[in-house]
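Reader: Could you take me through this model feature by feature, giving the general idea before each case?

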Amino acid sequence: MNRNEMLRQLHEVEEWDIVIIGGGATGLGTAVDAASRGYRTLLLEQHDFAKGTSSRSTKLVHGGVRYLAQGNIKLVRESLKERGLLLKNAPHVCSSLSFVLPCYDLWQKIYYGIGLKLYDLMSGKLSLGKTKIISSKKAKTLLPTINAAKLSGAIVYQDGQFDDARLALNLAQTVAEHGGVVLNYCKLISLIKTDKKITGVKLFDEIDGKTYEVKCKVVINATGVFTDEVLKMDDGAAKNIILPSQGIHLVFDKKYFPGNAAMMIPKTSDGRVLFAVPWHDKVIVGTTDTEIKMLSLEPKPLEEEIEFILQHMNKYLQVDVHRDNVLSTYVGLRPLVIKNKSQKPSMMSRSHTFIVSNSGLVTITGGKWTSYRKMGADAVNNAIFSAKLEKKTCVTEDLKIHGWKNDTDKNDVLHIYGSDAPDIKNLCNENASWDEPIHPAFPNIEAEIIWAVRNEMAMTVEDVLARRTRILFLDAKTAIESAPQVAKLMATEMNKDNNWQQQQINAFNELGKQYLLS
Ligand SMILES: Cc1cc2nc3c(=O)[nH]c(=O)nc-3n(C[C@H](O)[C@H](O)[C@H](O)COP(=O)(O)OP(=O)(O)OC[C@H]3O[C@@H](n4cnc5c(N)ncnc54)[C@H](O)[C@@H]3O)c2cc1C
């Protein structure tokens, strides 16, 4: 995947079948669907792929145990099917994980035990393993730091886990493999209409500072929490349909939560669900559900959200954690669709919604990462209908995602790259020093930086430290310390001067500070 090559194709194609706005899970899933059906597909992302909510999830590929408790059987069944397909089609970035749900009385064991057995049964052939009721002694071996006071046992169930930003990049690569064009740092600035129907888009390329116009048959709006902005570009009088809800995560050293299983607290004191999930040798704890008014690509955690997570960690685990122990904090915005204004965000539906406007604009929003493939298929089906495109069948149920490899060795530092790993290793033949770690505290090697620039359209130090590797999300201080070395290697590879390097380091330092709790 090379950005100059993508730009060249942007100018060569006279008219695109489908232009997709938004390079998160929804837009990329839609682009994979469209390109693999054989439509001429262009995707535009205003910042980097997965810069928005799609790099800020709890990293679960799940049916949503919580939605089962809310009685949303259809959503759970659909998500469990998608979970199974994802683990089959992208096994290098997704895997099965045991979740332990601690129980404090017999009633909880019966209630959650039945619910989670049902959860497993609903996944049918795509089950990841049986739900079990275990003793408190066994629970302590799976969760060594659990606060065992009054613990009467636990339920263990299986769900999926993934690396969200890496999957997003793999989806972009899959689009490219099927002849589609994906462009990061390209913002939609207006919709072009002929006789009130959308016939093209105007975009701004932040890298070359130029504005372009392209023709297309249909535009799909997959801009997450920014959905209303695009709806208003189409119709200034359009009503808002999105209620953004913020969720934060705190990341800690694994010593506070050793072991390989995750913990799920189904009902905190104020009725929320809380997860502690081992991820890339750290532990992620979250999340929250806070209605917010201001949209941002870098939302900030609220004090009460931080306190909520710290308090619950100290309550459910035998640990004494404070803000100083937080390695990184990251915040995402859920694009919840308003159906009933009086509902609390945590009770609002996670099903996806689509709208076809009079101008032909197709909007797809809501949903969750796990259901990205189904959302993409639905969006393309609507686009076919809206623009009267020649009908072509969806092929993504069996489509292998770029990097597919089902026998990755988890001890290999490059295993997350799947089938690309040998090519990254080979870069070290070009320069032996690229085999060195970017930072002594992390296993990521310098060759990953070169790979990210050459093959994954990384344009900035942030792209490398936040989404090509996940160092910023895992340990913000280490990420800040790594920035000068990343900038230096990128500058050489991209032919940039010292000025560029310094600007990149300064910009990343500013960003990195936001992931640290002062
Ligand atoms: C805290 C939290 C935890 C979650 N955990 C999970 C989980 O564990 N599992 C799960 O399945 N789901 C989870 N979700 C849900 C999931 O992350 C989201 O549903 C999904 O990422 C939304 O993807 P999206 O593509 O719709 O939005 P986004 O990822 O936000 O993508 C939209 C993109 O559109 C771009 N854009 C906006 N305007 C323009 C424009 N004018 N031109 C070009 N580009 C534009 C933005 O820059 C952005 O990158 C979680 C959500 C949150 C908030």
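Author: What follows goes from the domains to the ligand shell, the cores, one helix and a few backbone details.

Author: Two conventions come before anything else. Residues are numbered from 1 along each chain as its sequence is written. This is a predicted model, in which local features need pLDDT of at least 70 and side-chain atom pairs count only at pLDDT 80 or more, while totals for chains, interfaces and linings use all residues.

Reader: Into which domains is the protein chain divided?

Author: Domain bounds come from an automatic or database domain assignment. Here the protein chain is divided into domain 1 (3-53 + 165-241 + 347-398), domain 2 (93-161 + 244-343) and domain 3 (415-514). The centres of domain 1 and domain 2, taken over C-alpha atoms, are separated by 32 Å.

Reader: How many residues of domain 1 are in contact with domain 2?

Author: Two residues are in contact if their C-beta atoms, placed from the backbone, lie within 7 Å. By that criterion, 18 residues of domain 1 are in contact with 13 residues of domain 2. On the side of domain 1 that touches domain 2, the elements giving two or more residues are α7 and β18 (362-366), and α7 gives the most, with three residues. Such element names refer to DSSP runs numbered from the N terminus, helices being H or I runs of at least four residues and strands being E runs of at least two.

Reader: Where does the ligand lie with respect to domain 1 and domain 2?

Author: A residue is near a molecule if its C-beta atom, placed from the backbone, lies within 6 Å of it. The ligand is surrounded by 39 residues, of which the closest are G22, G24, G52, G224 and G247. Because domain 1 and domain 2 both give residues to this shell, the ligand lies between them. At least two shell residues come from each of α2 (25-37), β8 (186-194) and β16 (328-337), and β16 gives the most, with four residues.

Reader: How is the shell around the ligand made up by class?

Author: Ala, Val, Leu, Ile, Met, Phe, Trp, Tyr, Cys and Pro count as nonpolar, Asp, Glu, Lys and Arg as charged, and the others, Gly among them, as polar. On that scheme the shell has 12 nonpolar, 20 polar and seven charged residues.

Reader: Which residues touch the most other members of the largest nonpolar core?

Author: In soluble globular proteins, nonpolar side chains tend to be buried together. A nonpolar core is a set of buried Ala, Val, Leu, Ile, Met, Phe, Trp, Tyr and Cys residues joined through C-beta atoms within 7 Å; a residue is buried if 20 or more other C-beta atoms lie within 10 Å of its own, exposed if 12 or fewer, and partly exposed in between, with C-beta atoms placed from the backbone. The largest core has 73 residues, and I18, V19, L28, A168, V175, V219 and I220 touch the most other members. Helix α7 (residues 164-177) supplies the largest share of this core, eight residues. A second, separate core of 70 residues includes F252, A447, M457 and L465.

Reader: What do the buried residues of helix α4 pack against?

Author: An α-helix has 3.6 residues a turn, so residues three or four places apart point the same way. In α4 (residues 73-89), the buried residues include L75, V76, S79, L80, L86 and L87. They pack against β3 (60-61), α3 (65-69), β4 (94-103), α5 (106-122), β6 (153-162) and α10 (372-387). E78 is also found in α4, but this residue is partly exposed because 19 other C-beta atoms lie within 10 Å. Leaving out residues up to four places away in sequence, E78 touches S371 and K374.

Reader: Which peptide bond is cis, and where is phi positive in K196 and H280, in a loop or elsewhere?

Author: Most residues other than glycine have a negative phi, and most peptide bonds are trans. The bond from G286 to T287 is cis, with omega near 20 degrees, and T287 is in the loop between β14 (282-286) and β15 (290-291). Phi is positive in K196, near 70 degrees, and in H280, near 45 degrees. K196 is in the loop between β8 and β9 (197-205), and counts as exposed because it has 8 C-beta neighbours inside 10 Å. H280 lies in the loop between β13 (274-279) and β14, and counts as buried because it has 20 such neighbours.
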